[in-house]
Amino acid sequence: MDAHIGVVGMAVMGSSLALNIESRGYTVSVYNRTAKRTENFVKERAQGKKIIPTYSLSDFVDSLKKPRKIILMVKAGEPTDKMIDALIPLLDKGDILIDGGNAYYKDTERRIERAHKYGLRYIGLGISGGESGALHGPSMMAGGDEDAYREVEEILEKAAAKTDDGPCVAYLGRGSAGHFVKMTHNGIEYAIMEAIAEVYDIMRVGLSMEIPQIQKIFKEWNKGRLNSYLIEITGNLLGVKDRDTGHYMVDIILDKAKSKGTGKWTTQTALDLGVPVPSISEAVFARILSSYKEERVKISRMLDKEDIPTLQAVDGTEFLDILEAALYTAMLLIYAQGFHLLHVASGEYEYGLNLAEVSRIWKGGCIIRAKVLNDFKEMYLENKDLSTPLLSERFIDMIKDNISSLREVILRAKEVEIPLPVLSSTLDYIDGAKRERLPANIIQAQRDYFGAHTFERRDREGVFHVEWEKEAEDSNS
Ligand code: 6PG
């Protein structure tokens, strides 16, 4: 029996995706570098299913219908390259390699070039949704060879999450488009996660709320405009207690956040492309700062007052409404930064991204799925060339009456010394973006003063330089 498709890599994501595809009526061949994993998989989760276990790469390749379709679900980086190296001599021209990992987009470009040298076709497929998404329906962002995508489209559409707007998978553009969009997805993910954590901190530390009360608030918020996967899981995880101690899990978990690099890549890429994504970079730095636990403990002894006052809310319930509006505004501004990055990257790398389509496939299955993504979809349907959501009337209508809440939350929380890197950066972002004039004139003058870097004038065309020291003397005399 020839398999319709093969999956390499039987860790959590690969095995779940294989089961998902099988459940849509396909025969799936599987292979893992270490045989034990495959054995366990077929003995347990894959029992009685149309899953063909293979224990050598050549058996795996031989078990696939031609042109072969192979999804790589191995670790990003070197392991992916090694697997591709091992597969290349076994494959025939026209076969399709699909990298479903969180690959760095520049690696994807390099791999596509390499695959083409051997007559192979290549798809960089960003997959989001964690284990449950992979099993029941992820969101999938595809890029690379379009003809190859069309040949796997049906399988991917069947396996993808579904919303009222169709399956959450699309071909997004040439080359590394899919992995670029996935990387940006993760940058947004980092920032929203941190924004939620900061709001939790305001409730827990600032308002001295108990965990069940906070849980109730998140559950309530998830019923409204904040409705999203990350708010939903925060509402759920807050209720979980440790079986050993009976304490709430969140009170036991060490406050050091880890990361695997996609947020950092988003920040680095935004710096390279000259796009402001301050909230994403702040989220990355917040994780980094959190990892300096030992230092923080020492510094807190040197600087922290014992009696930081708790936030005296005028009215607890009223303040929670303001907090909801603040988080909503921050969330919108975080998505806006991510979409701006996608717009610029699309031009730079000639992806030709359809951002309405990106919004659509992010509506379900992925970690950043949220009700507001429908508004982003509408924004881009109204104007597909929108450079940044901040220039959309629809977007401005959504934030305009809520910015004051974001400001109020930050002002009040700062009185009680709560760090808010992401929330504050979203406010600075919009405060900066809506200023007709910024103090960049001072920066330009300073640059010209010490380095003769020149400047432009507001009142005349051209490039100018001033002998500042001489002029300063003359002006004062
Ligand atoms: C997803 C996630 C996933 C990512 C994890 C961990 O879309 O399903 O983005 O791909 O690997 O969220 O990322 P960090 O370890 O960097 O937090």
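**Reading the terms in this model**

Author: Glu-417 is placed in the loop between helix 19 (403-415) and helix 20 (421-433); helices (H or I, at least four residues) and strands (E, at least two) are DSSP runs, numbered from the N terminus. The model is predicted, so local features need pLDDT of at least 70 and side-chain atom pairs count only at pLDDT 80 or more, while totals for chains, interfaces and linings use all residues. Residues are numbered from 1 along each chain as its sequence is written, and side-chain values use heavy atoms, with hydrogens and water left out.

Reader: Why is Glu-417 called partly exposed?

Author: The relative accessible area of Glu-417 is 40%. Buried means under 20%, exposed means over 50%, and partly exposed is in between (1.4 Å probe, protein chains only). Glu-417 is therefore partly exposed. Its phi is near 60°, a positive value in a residue other than glycine.

Reader: Why is Glu-22 called buried?

Author: Glu-22 has a relative accessible area of 9%, which is under 20%, and so it counts as buried. Glu-22 belongs to helix 1 (residues 12-23).

Reader: Which residues does Glu-22 touch?

Author: Leaving aside residues up to four places away in sequence, Glu-22 touches Val-28, Lys-49, Lys-50 and Ile-51. Contact here means heavy atoms within 4.5 Å.

Reader: What makes the nonpolar surface patch?

Author: Phe-285, Ile-288 and Tyr-292 make a patch of about 320 Å². Patches are made of residues with over 30% relative accessible area and no salt bridge (a side-chain nitrogen of Lys or Arg within 4 Å of a carboxyl oxygen of Asp or Glu); like charges are joined within 9 Å, and nonpolar side chains (Val, Leu, Ile, Met, Phe, Trp, Tyr) within 5 Å. Ile-288, in helix 13 (residues 278-291), has a relative accessible area of 39%, so it passes the 30% limit.

Reader: How do you know that Asn-102 makes a polar contact with the ligand?

Author: An N or O atom in the side chain of Asn-102 is 2.8 Å from an oxygen atom of the ligand. A polar contact is a pair of N or O atoms within 3.5 Å; within protein, one must be able to donate a hydrogen and the other to accept it, and residues adjacent in sequence count only if both atoms are side-chain atoms. The pair at Asn-102 therefore qualifies.

Reader: How far is Lys-182 from an oxygen atom of the ligand?

Author: A polar side-chain atom of Lys-182 lies 2.9 Å from that oxygen atom.

Conventions. Areas by Shrake-Rupley, 256 points an atom, 1.4 Å probe, with all protein chains shown as cover.
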